[in-house]
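Q: Could you take a close look at one part of this model for me? I'd like to see how the helix that packs on the sheet fits in with what surrounds it.

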Amino acid sequence: MGRLVITHSTYVEGLIPWLKKLATDPAIQTITPGVISRVRGRCVGLQLRISTPVSGGFKVVARRGTSVQEVFVVTPLSKAELGQRIKASSP
């Protein structure tokens with residue numbers, strides 16, 4: 001089971017339950033939510049999208065409404081495998 005790092009006081013609404021479910025996957029080592037920022041476009045509902053590879057894993061972007069939050073996932077999985085696990089853990 002992976003570890004979910006809770007370091008901030010605010011998160012995109014609905015993100016933490018999704019990440020807790022994703023962290024139960026044995027191939028996920030660590031999930032760390034990062035910076036929240038505002039964007040011009042609107043996103044209906046909560047969406048997670050794999051953005052770029054980082055050392056040891058991937059940066060994932062969580063979008064809801066006009067808010068975007070970076071999430072760093074440390075895992076040996078490939079981008080396609082991680083995408084499937086994210087979809088499978090969707091609430």
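A: Here is a walk from the sheet to the helix, and then out to a few residues around them.

Keep in mind that this is a predicted model. The sheet is open and has 3 strands in the order β1-β2-β3, with mixed pairing. Its edge strands are β1 (3-4) and β3 (57-74), each of which pairs on one side only. Helix α1, residues 15-23, packs on this sheet and touches β1, β2 and β3, with its direction at about 145° to that of β2. As for the pairing inside the sheet, β2 (residues 30-54) and β3 run antiparallel, joined by 16 bridges.

Now the helix itself. On α1, the buried residues are L15, I16, W18, L19, L22 and A23. Looking down the axis of α1, you find these buried residues within an arc of 160°, so they line one face of the helix. The repeat helps here: an α-helix has 3.6 residues a turn, so residues three or four places apart point the same way. Over on the other side of α1, P17 and K20 are exposed. And what sits on top of the buried residues of α1? The cover includes β1, β2, β3 and α2. That last one, helix α2 (residues 79-88), lies across β2 and β3 and runs at about 55° to β2.

Next, the core. The largest nonpolar core has 22 residues, and the ones touching the most other members are I31, L48, V71 and I86. Two or more residues come from each of α1, β2, β3 and α2. The biggest giver is α1, with 6 residues in this core. This fits a broad pattern: in soluble globular proteins, nonpolar side chains tend to be buried together.

I31 is a handy place to see the helix and the strands meet. Skipping residues up to four places away in sequence, I31 touches L19, L22 and A23, along with R3, L4, V5, V71, F72 and V73. Of those contacts, L19, L22 and A23 are among the buried residues of α1.

Q69 makes a good contrast in chemistry. Q69 lies in strand β3, and it counts as buried because its relative accessibility is 0%. Its side chain reaches the backbone oxygen of G34 at 2.9 Å. Leaving out neighbours within four places in sequence, Q69 has contacts that include L15, a buried residue of α1. Other contacts of Q69 are T10, Y11, V12, P33, G34, V35, I36, V60, V61 and A62.

For the α2 side, try I50. I50 lies in strand β2 and stands opposite V60 in β3. At a relative accessible area of 13%, I50 is buried, since the cut-off for buried is under 20%. Beyond residues up to four places away in sequence, I50 touches F58, K59, V60, K79, L82, G83 and I86. I86, you'll recall, is one of the core residues touching the most other members. I50 and A80 are 30 residues apart in sequence, yet their C-alpha atoms are 9.4 Å apart in space.

Finally, follow β2 and β3 to where they turn. P53 stands opposite F58 in β3. The hairpin of β2 and β3 has 2 residues between the strands, and G56 there takes a positive phi near 90°.

Technical notes:
Residues numbered from 1 in each chain as written. Predicted model: local features only at pLDDT ≥ 70, side-chain atom pairs only at ≥ 80, totals over all residues. Heavy atoms only, no water. Pairing = 2+ DSSP bridges. Helix = DSSP H or I, 4+ residues; strand = E, 2+ residues; numbered from the N terminus. Contact = heavy atoms within 4.5 Å. Axes fitted to C-alpha atoms, helices over the stretch in contact; angles between N-to-C directions. Buried < 20%, exposed > 50% of the residue type's maximum accessible area, 1.4 Å probe, protein only. Polar contact = N/O pair within 3.5 Å; in protein donor to acceptor, adjacent residues only side chain to side chain. Arc of directions from axis to C-beta. Core = buried A, V, L, I, M, F, W, Y, C linked by side-chain atoms within 4.5 Å.
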